[in-house]
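Reader: I'm new to this structure and I'd like to learn how to read it. Could you walk me through it?

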Amino acid sequence: MKQIATCLSTSLRHTCPSRKAQCRCLCVLPLGCQPGSAHRRSRLSPGLLVFILSGPLSVPEFSVIVGMLSLSATDCYIVHEIYNGENAQDQFEYELEQALEAQYKYIVIEPTRIGDETARWITVGNCLHKTTVLAGTACLFTPLALPLDYSHYISLPAGVLSLACCTLYGISWQFDPCCKYQVEYDAYRLSRLPLHTLTSSTPVVLVRKDDLHRKRLHNTIALAALVYCVKKVYELYAV
């Protein structure tokens, strides 16, 4: 098979590793080639990783390098588990807050404690959102499925639950930058991240997602449930 090397930067000269010459920039070669193994890497400029190639490269290593090509320098931030003194946990939390504020696409949390806490916080927020939507939907559609004389026994408690969850979410989660992230479980997307460089085998990976439509959905449903509850209470006790 013809050896083909495609250089990321046209300003750097390179030759294919099959010619036993050193490639000075990261090269993408087809699986039929015998490229060099990436033993060292250094940052030449933002968004450009330079690999010094030597020796055979296995297929898993090749896949990791190819996956990293689609990530820019600002796409992923890693909170490394490096303990320097007694305030290491505070440093981890500070790094995480800075990464959330910087709006990285992916945030990899290596410390177990802060990773688990962040994952639980996101899970509780998701639970409140889903409860708001489901309870509000039950409040609005129960009168259509049950007789009017009995529907309010289900619709009113469901409406109150929807309003309570929406209010709690709005107070504690709505303006938290962490609510714009979800825990990433997709194996393909995880394979594109440099997780092989971590010392932890179970890091928590966060991915940034647009939650605008989700907020609009549960706010609209909760508001509709509030209108229904006020109207129903007025009909039951004021008329």
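Reader: Let's start with the whole chain. How much of the protein chain counts as buried?

Author: Keep in mind that this is a predicted model. Of the 239 residues in the protein chain, 39% count as buried. For that label, a residue needs under 20% relative accessible area.

Reader: How many helices and strands are there in the protein chain?

Author: The protein chain has 6 helices and 8 strands. Going along the sequence, you meet them in the pattern β-β-β-β-α-β-α-β-α-α-β-α-β-α.

Reader: And what share of the contacts joins residues at least 24 apart in sequence?

Author: Take the contacts between residues at least 6 apart in sequence: 64% of those join residues at least 24 apart.

Reader: Now the sheet. In which order do the strands of the 4-stranded open sheet come?

Author: The order is E5-E6-E8-E7, and the pairing is mixed. E5 and E7 (181-183) are the edge strands, each with a single partner strand, so each has one side without a neighbour in the sheet. From one strand to the next, the twist averages 25°.

Reader: "Mixed" needs unpacking. In what sense do E5 and E6 pair, and over how many bridges?

Author: Strand E5 (residues 76-79) pairs with E6 in the parallel sense, over 4 bridges. To find one of them, look for Ile78, whose bridge partner in E6 is Val108.

Reader: Which way do E6 and E8 run?

Author: E6 and strand E8 (residues 204-208) run antiparallel, joined by 4 bridges. Ile109 stands opposite Val204 in E8, and Ile107 has Leu206 as its bridge partner in E8.

Reader: What about E7 and E8: in what sense do they pair?

Author: E7 and E8 pair in the antiparallel sense, over 3 bridges. Look there for Tyr181, which stands opposite Arg208 in E8.

Reader: Which way do the residues of E6 point?

Author: Here's the general idea: in a regular strand, side chains alternate between the two faces of the sheet. In strand E6 (residues 106-109), Tyr106 and Val108 point one way while Ile107 and Ile109 point the other way, and all are buried.

Reader: How many residues of E8 are buried?

Author: In E8, 4 of the 5 residues are buried, so the strand is largely enclosed by the rest of the structure.

Reader: Let me try a single residue. Is Cys76 buried or exposed?

Author: First place the residue: Cys76 is found in strand E5. Then check its relative accessibility, which is 17%, so Cys76 counts as buried.

Reader: Which residues is Cys76 in contact with?

Author: Setting aside neighbours within four places in sequence, Cys76 is in contact with Tyr104, Tyr106, Val108, Leu193 and Pro194. Another thing to look at is distance along the chain versus distance in space. Cys76 and Val205 are 129 residues apart along the chain, and their C-alpha atoms are separated by 9.8 Å.

Reader: On to the helices. At what angle do the axes of H2 and H3 cross?

Author: The axes of helix H2 (residues 88-102) and helix H3 (residues 112-145) cross at roughly 45° and come within 10 Å. H2 and H3 are therefore oblique to each other. H2 passes H3 in a right-handed crossing. On the H2 side, the contact is made by Gln89, Phe92, Glu93 and Leu96, and on the H3 side by Arg113, Ile114 and Thr118. By class, the residues of this contact of H2 with H3 divide into 3 nonpolar, 2 polar and 2 charged.

Reader: How do H3 and H4 pack?

Author: H3 packs with helix H4 (residues 148-172) at an angle of about 155°, with the axes 7 Å apart. An angle over 145 degrees counts as roughly antiparallel, so H3 and H4 are roughly antiparallel to each other. Their crossing is left-handed. The contact of H3 with H4 has 14 nonpolar, 11 polar and no charged residues.

Reader: One last residue: is Lys232 buried or exposed?

Author: Lys232 is found in helix H6 (residues 212-238). With a relative accessible area of 10%, Lys232 is buried. Not counting residues up to four places away in sequence, Lys232 touches Leu148, His152 and Leu156.

Terms used. Residues are numbered from 1 along each chain as its sequence is written. This is a predicted model: local features need pLDDT of at least 70, side-chain atom pairs count only at pLDDT 80 or more; totals for chains, interfaces and linings use all residues. Side-chain values use heavy atoms; hydrogens and water are left out. Axes are lines fitted to C-alpha atoms, for helices over the stretch in contact, and angles run from 0 to 180 degrees between N-to-C directions. Helices (H or I, at least four residues) and strands (E, at least two) are DSSP runs, numbered from the N terminus. Angles under 35 degrees count as roughly parallel, over 145 as roughly antiparallel, 65 to 115 as roughly perpendicular and the rest as oblique. A crossing is left-handed if the near helix is turned anticlockwise from the far one by less than a right angle, and right-handed if clockwise. Contact means heavy atoms within 4.5 Å. Ala, Val, Leu, Ile, Met, Phe, Trp, Tyr, Cys and Pro count as nonpolar, Asp, Glu, Lys and Arg as charged, and the others, Gly among them, as polar. Buried means under 20% relative accessible area, exposed over 50%, partly exposed in between (1.4 Å probe, protein chains only). Two strands pair if DSSP finds at least two bridges between them.
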